[in-house]
Amino acid sequence: MTSTSEAQLAAAQRQDAGAERVLTVALLGGGTVGSQVARILLDDAEALTARAGARLELAGIAVRNVGAPRDVELPRELYTTDAEGLVARADLVIELMGGIEPARTHILAALRHGASVVTGNKALLAQDGATLFDEADANDAELNFEAAVAGAIPIIRPIRESLSGDRITRVLGIVNGTTNFILDSMDTTGAQFADVLAEAQRLGYAEADPTADVEGLDAAAKAAILASLAFHTRVSLDDVRCEGITKVSAADIAAAQDAGMTIKLLAIAELVADGAHGAGTGKGEGVSVRVHPTLLPRTHPLAAVHGAYNAVFVEAENAGSLMFYGAGAGGAPTASAIMGDVVTTARRIVAGSPGRAGTATRVLPIVGPESITTSYSVGLEVADQPGVLSRVASVFAQHGVSIETMRQQIHGTEKAGGAGAAADKDPAGRGEGASRAELRFVTHRATEAALAATVADIKNLDVVESVTSVLRVEGV
Ligand code: NDP
Ligand code: HSE
């Protein structure tokens with residue numbers, strides 16, 4: 001039997017031994033996030049040693065251009081272009097280069113020689129995560145990626161560990177700060193998308209090439225990662241249906257406000273129950289993962305996420321609804337998430353325990369949009385004349401799409417032959433003085449296939465000038 005003092009002595013000896021241990025850390029990338037990680041590694045070395053149980057020795061920072069001016073002042077001798085050499089002698093590699101190659105090659109090389117890896121690279125994980133996890137498993141190494149989704153917000157570890165004994169059914173997230181900033185500004189100012197994007201670029205919120213953000217691709221990569229973890233299956237970027245925010249207009253935002261709603265770009269990952277998905281799968285569960293602008297009631301917790309902030313709403317069978325909120329990007333906030341992974345990984349290396357296996361324990365089918373039901377908001381420009389409403393409503397009915405609410409706004413008198421679509425299509429031979437109406441329908445839940453067929457037929461009605469928007473509605 002071991003006495004308390006012996007146990008304390010043994011623990012103290014282990015701690016002493018740990019304090020002597022040195023882990024060689026290779027940092028790949030010294031940009032926005034990498035420079036902050038290097039700063040923390042150097043400035044907080046003593047505290048990190050105590051927490052990790054080993055000294056984390058920064059062996060070097062791999063960059064493209066060692067002579068480039070840097071915002072964070074770090075010892076110049078740390079910079080190198082020899083990423084390969086740095087990786088070869090590392091116990092722990094922090095990958096913050098971004099992109100697919102050469103990041104992928106360096107991560108695989110690290111894992112193959114048994115080094116563990118911490119990365120924030122959502123693009124790579126969403127595209128080829130399976131290869132990386134298989135390599136980590138094969139080499140008893142660990143691959144951690146808390147920073148890859150929602151920057152500083154702890155969301156990967158809660159899903160991967162804290163909720164691993166629960167059954168997550170749905171994850172809804174605002175996981176892209178740039179688009180949330182744009183939609184929030186449109187909501188506040190009433191401005192159009194293009195004007196707000198230009199302002200966001202001027203303020204440095206949006207990148208010079210904002211495509212990945214505004215087209216929803218950045219959010220889609222994060223959605224794939226969240227879905228894989230939440231549902232213990234493998235979901236890649238190609239499995240995510242993605243629609244960005246470029247078509248969201250000031251009129252859509254104003255109509256949403258009138259209806260007590262707001263528009264957010266949501267990443268939605270859902271477990272779809274038995275029988276709800278298409279033929280061929282027959283039974284069991286499927287997964288739906290999508291990113292699109294979404295109407296949310298202003299009372300929904302995600303509606304209160306303003307500016308460039310992120311939030312992830314998780315629904316689990318036993319835990320109920322959980323919300324995680326915070327800074328989704330930025331050098332120091334993202335470096336915080338990276339450093340959490342670094343300390344956790346270092347502790348595992350010091351303890352000599354094997355790397356955690358990947359979390360994909362099953363293969364679930366990806367459910368197509370034709371089988372997903374949701375509510376929709378459909379905006380139309382129509383001629384303001386008798387019988388229009390009933391003709392439009394009958395098309396909804398023909399396709400089995402039930403209308404929940406309808407709002408109408410008369411645009412006043414406009415001369416036929418005026419601007420845009422009204423001039424192209426003069427419904428029912430209207431002459432001078434004809435007025436137009438904007439109709440906004442909100443439907444009950446319907447499949448995307450039924451809604452698409454409805455919209456196609458509505459467009460063909462001679463009294464309809466244009467379908468101005470089709471937005472999904474959540475949280476009602
Ligand atoms: P940056 O573009 O600011 O930095 C990239 C760094 O990697 C630079 O130091 C660059 O070198 C170096 N680098 C790029 N390619 C190579 C190469 N081929 N060889 C050697 N070095 C290379 O990126 P961020 O810091 O913003 O992002 C890093 C990662 O973190 C990305 O995966 C990103 O998605 C992720 N992330 C970023 C967030 C953010 O807020 N910025 C938030 C969450 C995740 P050089 O300096 O010489 O150009
Ligand atoms: N471009 C991303 C955003 C950065 O706007 O949220 C973090 O991944």
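1. The shell around ligand 1, in this predicted model, divides by class into eight nonpolar, 10 polar and three charged residues. The shell holds 21 residues, and those that come nearest to ligand 1 are G30, V33, N65, R70 and G330.

2. Three backbone contacts to ligand 1 deserve a look in the viewer. A polar backbone atom of G330 is 2.7 Å from an oxygen atom of ligand 1, a polar backbone atom of N65 is 2.8 Å from an oxygen atom of this ligand, and a backbone N or O atom of V33 lies 2.9 Å from an oxygen atom of ligand 1. Ligand 1 on its own would expose 900 Å², and the protein buries 77% of that area.

3. Ligand 2 has its own set of surrounding residues, namely K122, N176, G177, T178, D213, D218, K222, G328 and A329. Sorted by class, this shell has four charged, four polar and one nonpolar residue.

4. For ligand 2 the contacts to check are made by side chains. An N or O atom in the side chain of K122 is 2.5 Å from an oxygen atom of ligand 2, and a polar side-chain atom of T178 likewise lies 2.5 Å from an oxygen atom of the ligand, while for N176 the distance from a polar side-chain atom to an oxygen atom of ligand 2 is 3.4 Å. Taken alone, ligand 2 exposes 260 Å², of which the protein buries 82%. Two elements, α8 (177–189) and α11 (217–231), each give two or more residues to the shell around ligand 2.

5. Turning to the protein as a whole, the model contains 16 helices and 17 strands, and 50% of its 476 residues count as buried. Among contacts with a separation of 6 or more, 75% are accounted for by residues 24 or more positions apart. The accessible surface comes to about 20600 Å², and carbon and sulfur atoms hold 51% of it.

6. In soluble globular proteins, nonpolar side chains tend to be buried together. Here the largest nonpolar core has 80 residues, and those with the most contacts inside it are I155, I168, I182, L226, F231 and V314. Helix α11 supplies the largest share of this core, with 11 residues. Another core lies apart from it and has 32 residues, including V37, A147, V342 and V343.

7. V314 is a useful residue from which to inspect the 80-residue core. Once neighbours within four places in sequence are left aside, V314 is in contact with I155, I159, L163, I168, R170, V171, G320, S321, L322 and F324.

8. Which backbone features should a reader check in the loops? The peptide bond from E101 to P102 is cis, with omega near 10°, and P102 is found in the loop between β4 (92–95) and α5 (103–112). A150 has a positive phi, near 60°, although the residue is not a glycine; A150 belongs to the loop between β6 (143–144) and α7 (156–162) and has a relative accessible area of 0%, so that it counts as buried. H232, also a residue other than glycine, has a positive phi near 55°, and its place is in the loop between α11 and β8 (241–242).

9. Is T24 buried or exposed? T24 counts as buried because its relative accessibility is 17%, which falls under the 20% cut-off. T24 is placed in strand β1 (residues 22–28), and, not counting residues up to four places away in sequence, T24 touches E57, A59, R89, A90, D91 and L92.

10. T443 is found in strand β15 (residues 435–443), and its relative accessible area of 0% makes it a buried residue. Leaving out residues up to four places away in sequence, T443 touches T374, S375, Y376, F396, V401, S402, I403, E404 and L451.

Terms used:
Residues numbered from 1 in each chain as written. Chains lettered and ligands numbered in written order. Predicted model: local features only at pLDDT ≥ 70, side-chain atom pairs only at ≥ 80, totals over all residues. Heavy atoms only, no water. Near = heavy atom within 4 Å. Polar contact = N/O pair within 3.5 Å; in protein donor to acceptor, adjacent residues only side chain to side chain. Areas by Shrake-Rupley, 256 points an atom, 1.4 Å probe, with all protein chains shown as cover. Helix = DSSP H or I, 4+ residues; strand = E, 2+ residues; numbered from the N terminus. Nonpolar A, V, L, I, M, F, W, Y, C, P; charged D, E, K, R; others polar. Buried < 20%, exposed > 50% of the residue type's maximum accessible area, 1.4 Å probe, protein only. Core = buried A, V, L, I, M, F, W, Y, C linked by side-chain atoms within 4.5 Å. Contact = heavy atoms within 4.5 Å.
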